[in-house]
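New to this one? Here is a quick tour, with the whole chain up front and a few close-ups after that.

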Amino acid sequence: MHHTLQLTLAPEIALDEEQFRQHIFRKLRIREADQPFIRKTRQSIDARGRQVKVNVQAEVYVNELPPSLVTSVFEYKDVSARPQALIIGCGPAGMFAALRLIELGIKPVIFERGKDVRARRRDLAAINKEHVVNPESNYCFGEGGAGTYSDGKLYTRSNKRGDIRRILEIFVQHGASEQILIDTHPHIGTNKLPVVVSEMRESILKAGGEIHFNTKVTDFLVTEGQLKGVVTGDGNEHKGLGVILATGHSARDIYTLLHSKNILIESKSFAMGVRIEHPQNTIDKIQYHCATDRGPYLPAASYSLVTQTNYKGVQRGAFSFCMCPGGFIVPAATATGEVVVNGMSPSKRDSPYANSGLVVSVEEPDLLPYKSFGPLAGLQYQMEMEQRACALAGAMQTAPAQLATDFVKSKISSELRDTSYQPGLESVDLYEILPENIAFPLREALIDFGQKMRGYLSPDAQLIGVESRTSSPVRIPRERESCEHPEVKGLFPCGEGAGYAGGIMSAAMDGERCAEQLAKLYARV
């Protein structure tokens with residue numbers, strides 16, 4: 001006997017395994033002796049009303065074996081003797097492109113400038129503790145890309161770009177919890193992602209693919225409009241059916257290389273600002289309408305905010321970005337002399353801090369003073385803000401910070417709050433770092449958000465700069481259907497770095513799509 005239930009329950013019932021089980025017994029009038037199999041297939045929290053509710057979809061099997069939640073098994077057959085395709089970058093886009101190429105009978109060869117996920121940890125420790133930035137191995141570069149050391153969010157609005165369920169099941173096959181198949185807003189957590197990434201690497205290698213760590217691509221081999229291969233830092237040439245360019249949004253040298261070789265790239269819209277950090281308890285009380293704390297059942301609360309501001313007659317969007325409940329702020333610089341911050345969360349989201357990007361859109365007129373840089377104008381604009389942040393905060397990885405209420409009052413903070421940011425904070429007037437077209441709309445947005453979420457704009461909140469890598473300021477164009485560069489055949493711009501994704505899931509789906517198009521055009525699959 002099989003039952004499918006749609007339930008709306010109090011958190012103490014829905015989120016406590018034994019209480020939930022007893023509720024199902026009562027509802028279906030079954031007993032423990034019936035040996036039922038009970039599992040959730042969907043779960044979401046609704047905190048819109050005064051009383052928080054949990055919406056649950058569940059399946060109950062009595063005297064019947066349940067099918068697996070995982071509907072597919074992905075087999076990666078030996079492709080060691082097959083024609084090869086080259087992939088630049090071992091982030092979500094590059095790894096999923098490699099796995100898809102293997103399914104299609106093509107050998108993937110990945111070039112990753114950074115280190116494998118285990119060796120990469122030492123360089124992350126050096127940034128946090130010694131303020132030393134390794135330009136080839138950091139929070140952005142290395143196995144798994146920036147996504148490995150992030151919240152591990154696995155939800156996306158890009159429903160039309162690919163098969164979301166397929167991507168989630170590939171993660172599960174490589175060690176992620178089946179919970180990601182159930183939650184409406186699934187995440188893996190930065191403490192679990194390295195293991196999953198390592199397992200994906202093993203699948204690629206066991207199937208005969210190659211991954212070359214500490215290997216930087218320094219040139220492209222282009223002949224008569226056709227990309228034949230790449231040159232790596234050791235001077236070696238590598239050729240293949242095509243090249244999937246999946247470098248992430250911080251590989252600035254790749255943009256410069258493309259521009260120097262007259263390979264078409266374009267300026268694109270992006271946003272910049274700061275990270276805002278609160279005690280997690282502050283966000284919990286706002287979102288869950290609780291007087292003291294969220295209690296033992298509810299997870300750390302999150303939020304999403306957006307508004308339109310008006311500065312000097314120009315409307316600008318301001319919004320929260322990559323909100324990390326129960327998380328940490330981390331140093332995401334990729335070069336000495338710059339300060340960049342990002343956020344991440346462990347799987348349990350049990351840090352006492354909540355943080356989120358708080359950013360303002362950069363408009364085309366903002367880049368007019370940088371027009372001599374052509375399509376790299378946004379890149380230069382971004383770099384200058386990161387360098388100012390570093391210089392004013394002490395020329396280390398110490399981050400400039402200001403209490404949110406002081407920022408609104410244009411007042412330097414006499415003291416700062418405790419923080420999750422390990423390299424430390426320096427009290428700075430953020431108006432000296434942020435261009436006025438970002439600073440003043442950000443001030444307006446904070447006031448608006450404080451009205452939308454009472455308690456958000458409070459003395460407990462502090463702004464930490466700078467959040468400048470929300471997305472790439474450069475797009476590498478491609479044909480809509482083939483995903484191939486319009487002028488250079490065999491080049492498949494992919495993922496966040498090319499301007500076609502905005503997170504782990506969308507990057508993974510874009511990697512698969514580029515792999516499929518490469519195979520279709522050059523392997524006749």
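How many helices and strands does the secondary structure of the chain come to? The tally is 14 helices and 22 strands. Keep in mind that you're looking at a predicted model. The radius of gyration is 24 Å, close to the 24 Å that the globule rule gives for 525 residues, so the chain is as compact as a globular protein of that length.

**The chain as a whole**

- Laid along its principal axes, the C-alpha trace spans about 75 × 65 × 45 Å.
- Of the 525 residues, 58% count as buried.
- Take the contacts between residues at least 6 apart in sequence: 72% of them join residues at least 24 apart.
- The accessible surface adds up to about 22,200 Å², and 48% of that belongs to carbon and sulfur atoms.

**Helix α2**

- You'll find α2 at residues 17–28, so to speak a run of 12 residues.
- From first C-alpha to last, α2 reaches 17 Å, close to the 16 Å expected at 1.5 Å a residue.
- Just at its start, a side-chain oxygen of D16 comes to within 3.2 Å of the backbone nitrogen of E18.
- F20, H23, I24 and F25 are buried in this helix.
- The buried residues of α2 pack against α1 (11–14) and against three strands, β1 (2–9), β2 (37–46) and β3 (53–61).
- After the helix comes R29, with a positive phi near 55°.

**Helix α6**

- Is α6 mostly covered or mostly uncovered? Helix α6 (residues 164–173) is mostly covered, with 7 of its 10 residues buried.
- The buried ones are R166, I167, L168, E169, I170, F171 and V172.
- As for partners, the buried residues of α6 pack against α3 (92–103), α7 (193–206) and α14 (504–522).
- At the start of α6, D163 has a side-chain oxygen that reaches to within 3.2 Å of the backbone nitrogen of R165.
- G175 follows the helix, and its phi is positive, near 110°.

**Two buried loop residues**

- V79 sits in the loop between β3 and β4 (84–88).
- Why does V79 count as buried? Its relative accessibility is 2%, and the cut-off for buried is under 20%.
- Leaving out residues up to four places away in sequence, V79 touches I102, G105, I106, K107, P108, A207, G208 and G209.
- V79 and I13 are 66 residues apart along the chain, and their C-alpha atoms are separated by 50 Å.
- T470 belongs to another loop, the one between β20 (462–467) and β21 (474–475).
- With 9% relative accessibility, T470 counts as buried too.
- Which backbone oxygen does the side chain of T470 reach? It's the one of A271, at 2.7 Å.
- Setting aside neighbours within four places in sequence, T470 is in contact with H249, A271, F321, V359 and E496.

**Aromatic rings**

- A pair of aromatic rings is described by two things: the distance of the centres and the angle of the planes.
- The count here comes to 10 aromatic pairs.
- In one of them, F270 and Y381 have ring centres 6.5 Å apart and planes at 75°, so the pair is edge-to-face.
- This pair links distant parts of the chain, since F270 is in strand β12 (residues 270–279) and Y381 is in helix α10 (residues 377–392), 111 residues apart.
- Both partners are buried: F270 has a relative accessible area of 5%, and Y381 is at 6% relative accessibility.
- F449 and Y456 form another edge-to-face pair, because their ring centres are 6.3 Å apart and their planes are at 90°.
- F449 is buried at a relative accessible area of 0%, and Y456 counts as buried at 0% relative accessibility.
- Finally, Y311, F407, Y431 and F440 make up one aromatic cluster.

Note on methods: Residues are numbered from 1 along each chain as its sequence is written. This is a predicted model: local features need pLDDT of at least 70, side-chain atom pairs count only at pLDDT 80 or more; totals for chains, interfaces and linings use all residues. Side-chain values use heavy atoms; hydrogens and water are left out. Buried means under 20% relative accessible area, exposed over 50%, partly exposed in between (1.4 Å probe, protein chains only). Helices (H or I, at least four residues) and strands (E, at least two) are DSSP runs, numbered from the N terminus. Contact means heavy atoms within 4.5 Å. A polar contact is a pair of N or O atoms within 3.5 Å; within protein, one must be able to donate a hydrogen and the other to accept it, and residues adjacent in sequence count only if both atoms are side-chain atoms. The expected span of a helix is 1.5 Å times one less than its number of residues. The radius of gyration is taken over C-alpha atoms; the globule rule is 2.2 Å times the number of residues to the power 0.38. Accessible areas come from the Shrake-Rupley method with a 1.4 Å probe; for residues, only the protein chains shown count as cover. Rings of Phe, Tyr and Trp (its six-membered ring) pair if their centres lie within 6.5 Å; planes under 30 degrees apart count as stacked, over 60 as edge-to-face and the rest as tilted.
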